[in-house]
Amino acid sequence: MGTTFDSIAQGLNEAVAHAKGKKPGVKTYTPETVDVSALRQGMGMTQEQFAARFGFSVATLRHWERGDRTPQGAALVLLNVIKRAPDAVQAALS
């Protein structure tokens with residue numbers, strides 16, 4: 001077969017090994033938890049402003065701040081980026 005097939009096969013084998021708990025050179029990123037309330041307050045924004053600015057629903061933001069739910073997936077990644085580089089995120093959204 002071709003190199004494309006070999007590359008796909010290698011990727012599938014690595015994914016299966018990773019799913020079984022082996023670490024065959026697969027790099028994973030686990031975002032840190034974020035204190036959403038402290039982040040928002042540190043930026044001087046209301047819940048409504050923060051939610052509107054970064055694309056979250058106000059209800060979701062309130063759940064995070066109360067601790068009923070925790071941010072997951074892309075939302076957690078975005079919150080980590082906002083925490084580390086708020087000016088860059090705001091500039092990108094302008």
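How exposed is aspartate 68? Aspartate 68 is partly exposed, with a relative accessible area of 47%. The views below come from a predicted model.

**View 1. Aspartate 68 and arginine 66 meet in a salt bridge.** The N-to-O distance between the two side chains is 2.8 Å. Aspartate 68 counts as partly exposed at 47%. Arginine 66 is exposed, with a relative accessibility of 53%. This pair belongs to a set of 4 salt bridges counted in the model.

**View 2. Histidine 63 makes a polar contact with arginine 66.** Histidine 63 is part of helix α4. Its side chain comes to 3.1 Å from the side chain of arginine 66 in this polar contact. Histidine 63 also touches Asp68 and Arg69, once neighbours within four places in sequence are set aside. Arginine 66 therefore appears in two of these views, and it is exposed at 53% relative accessibility.

**View 3. Arginine 40 forms a salt bridge with glutamate 65.** The closest N and O atoms are 2.6 Å apart. The pair links distant parts of the chain, with the two positions 25 residues apart in sequence numbering. Arginine 40 sits in helix α2, residues 36-42. Glutamate 65 sits in helix α4, residues 58-66. Which partner is buried, and which is partly exposed? Arginine 40 is buried, because its relative accessible area of 9% falls under 20%. Glutamate 65 is partly exposed, because its 22% lies between 20% and 50%.

**View 4. Glutamate 48 and arginine 62 join helices α3 and α4.** Their side chains meet in a salt bridge, 2.9 Å from N to O. Glutamate 48 lies in helix α3, residues 47-54, and arginine 62 lies in helix α4, so the bridge ties together parts 14 residues apart in sequence. Glutamate 48 is partly exposed at 42% relative accessibility. Arginine 62 is partly exposed too, at 34%.

**View 5. Ring pairs link four aromatic residues into a cluster.** The members are Phe50, Phe54, Phe56 and Trp64. The model has 3 aromatic pairs. In one of them, the ring centres of phenylalanine 56 and tryptophan 64 are 5.0 Å apart. Are these two rings stacked or edge-to-face? Their planes stand at 75°, so the pair is edge-to-face. Phenylalanine 56 and tryptophan 64 are both buried.

**View 6. Alanine 75 touches two rings of the cluster.** Its contacts are Phe56 and Trp64, not counting residues up to four places away in sequence. Alanine 75 lies in helix α5. Valine 16 is elsewhere: its C-alpha is 26 Å from that of alanine 75. The two residues are 59 apart in sequence.

**View 7. Helix α5 has its buried residues on the same side.** The helix covers residues 73-84, 12 residues in total. From first C-alpha to last, α5 reaches 17 Å, close to the expected 16 Å. Which residues of α5 are buried? They are Ala75, Leu76, Leu79, Asn80 and Ile82. These buried residues cover an arc of only 160° around the axis, which puts them on the same side of α5. What does this buried set pack against? Its partners are α2, α3, α4 and α6, the last spanning residues 86-93.

How values were computed. Residues are numbered from 1 along each chain as its sequence is written. This is a predicted model: local features need pLDDT of at least 70, side-chain atom pairs count only at pLDDT 80 or more; totals for chains, interfaces and linings use all residues. Side-chain values use heavy atoms; hydrogens and water are left out. Helices (H or I, at least four residues) and strands (E, at least two) are DSSP runs, numbered from the N terminus. Buried means under 20% relative accessible area, exposed over 50%, partly exposed in between (1.4 Å probe, protein chains only). A polar contact is a pair of N or O atoms within 3.5 Å; within protein, one must be able to donate a hydrogen and the other to accept it, and residues adjacent in sequence count only if both atoms are side-chain atoms. Contact means heavy atoms within 4.5 Å. Rings of Phe, Tyr and Trp (its six-membered ring) pair if their centres lie within 6.5 Å; planes under 30 degrees apart count as stacked, over 60 as edge-to-face and the rest as tilted. The expected span of a helix is 1.5 Å times one less than its number of residues. The arc is that of the directions from the helix axis to the C-beta atoms.
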